[in-house]
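Me: I have a structure here and some labels I don't follow. Can we go through them step by step?

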Amino acid sequence: MWLPFHTVCLGSRTVSRRSVAAALLKCSKHRENVSLFSHSAAAQTCKALQFRNHGDPSKVVQLEDVDLPPIGEKDVLVKILAAPINPADINMIQGTYAILPDLPAVGGNEGVAQVVEVGRNVTSLKTGDWVIPKDAGLGTWRTEAVLAEGDVISLPNDIPLLSAATLGVNPCTAFRMLSDFEELKPGDSVIQNAANSGVGQAVIQIAAARGINTINVVRDRPEFTQLSDRLKAIGGTHVIKEEAMRRPEMRELFKTCPKPKLALNGVGGQSATELLRHLQFGGSMVTYGGMAKKPVTVPVSALIFKDVKIRGFWVTQWKGDHSSDGRAFRAMLDELCQLIRQGKLTAPACTEVSLQDFNKALDAAMQPFTSAKQVFIM
């Protein structure tokens, strides 16, 4: 599924949103106390992780100097503060994601930046504001950038940096899936695989804040006990191994916890099939990822005798559908930031890295059983 075709204006040029990092964003090296308007002829550059071909990230991503034209009247110059590596970022570099940038492109779809300078006709932002991308494709793995005012949305700067940097994708995905598919009330249950992922950790915390039980499924691993303890510490009700979903012990679990109305699938394959078996009548399974790279198989009995609903969710599509009216996005961010301030929503486990260490960070992000999110700190 492709996003609607939009255009934005950069200075005197009009380009497609699908041009992504190659046209939507360029970079700059901001010089303290010097206005770029007075130096429009000078070539400004920043450091950026760029790829000129699709392929193995370790082979195609390079740290380069990237040029930036002067700030337009409706543009803002920002300093990127932090930007994570997400699975979608890897897929985009590999050329397997649903939307792909024109090449060359700067990697990264998420992060938080601080406004350094604003164009003369910018009305919604001011110097010092924190902002995050409204949509995918802005190329956040860079030190600085010029963005169109309409391509970013402000965040309060009184929340932790890592929470801000990782807010726009995983917590938003978790929030929408918990809100849009089933009417969940305190005491209800949700079952999810990939519970240790960024989305999974956000699901646990948002659900706990709403009084909703979570049954959290993870793959077996040597440090399972430590992982289980960590997920329970952030609000997980139950943490089980994938193979436990096929065992009689599930019947014991459901003596103290109601069968789930909602199943969240980030894995696919057999794991998704097992989630379906435990849904209550009329429940929904929402697929947002496919880490196993295997199709979802739906038992006929689940459709006929349990009337389950099979749905999909892509936060990029949701943002595109709500781009003309930003109130829903604004309200969601405000609620998530309130949870952060209350200590009810924390950033996932993160490893902070520099742009210079990008090869090590990309390699770590692609390893199996990864629990820590790699985050570039500029």
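Me: At what angle do helix H4 and helix H5 pack, and how far apart are their axes?
Reply: First, a caution: this is a predicted model. Helix H4 (residues 170-180) and helix H5 (residues 198-209) pack at an angle of about 50°. Their axes are 8 Å apart.

Me: Why is H4 called oblique to H5?
Reply: Set the angle of about 50° against the cut-offs. Roughly parallel needs under 35 degrees, and roughly perpendicular runs from 65 to 115. The angle fits neither range, nor the one over 145, so H4 is oblique to H5.

Me: Which hand does the crossing of H4 and H5 have?
Reply: The crossing is right-handed.

Me: Which residues make the contact?
Reply: H4 supplies Asn 170, Pro 171, Thr 173, Ala 174, Phe 175, Met 177 and Leu 178. From H5 come Gly 198, Val 199, Ala 202, Val 203, Ile 206 and Ala 207.

Me: How do these residues of H4 and H5 divide into nonpolar, polar and charged?
Reply: There are 10 nonpolar, three polar and no charged residues in the contact. Gly counts as polar here.

Me: Where is Asp 102?
Reply: Asp 102 sits in the loop between helix H2 (87-94) and strand E6 (105-106). Its C-alpha atom is 9.7 Å from that of Asn 53, 49 residues apart along the chain.

Me: Why is Asp 102 called partly exposed?
Reply: Its relative accessible area is 41%. Buried means under 20% and exposed means over 50%. The value lies in between, so Asp 102 is partly exposed.

Me: What share of the protein counts as buried?
Reply: Of its 378 residues, 52% do.

How values were computed:
Residues numbered from 1 in each chain as written. Predicted model: local features only at pLDDT ≥ 70, side-chain atom pairs only at ≥ 80, totals over all residues. Heavy atoms only, no water. Buried < 20%, exposed > 50% of the residue type's maximum accessible area, 1.4 Å probe, protein only. Axes fitted to C-alpha atoms, helices over the stretch in contact; angles between N-to-C directions. Helix = DSSP H or I, 4+ residues; strand = E, 2+ residues; numbered from the N terminus. Left-handed = near helix turned anticlockwise from the far one by under 90°. Contact = heavy atoms within 4.5 Å.
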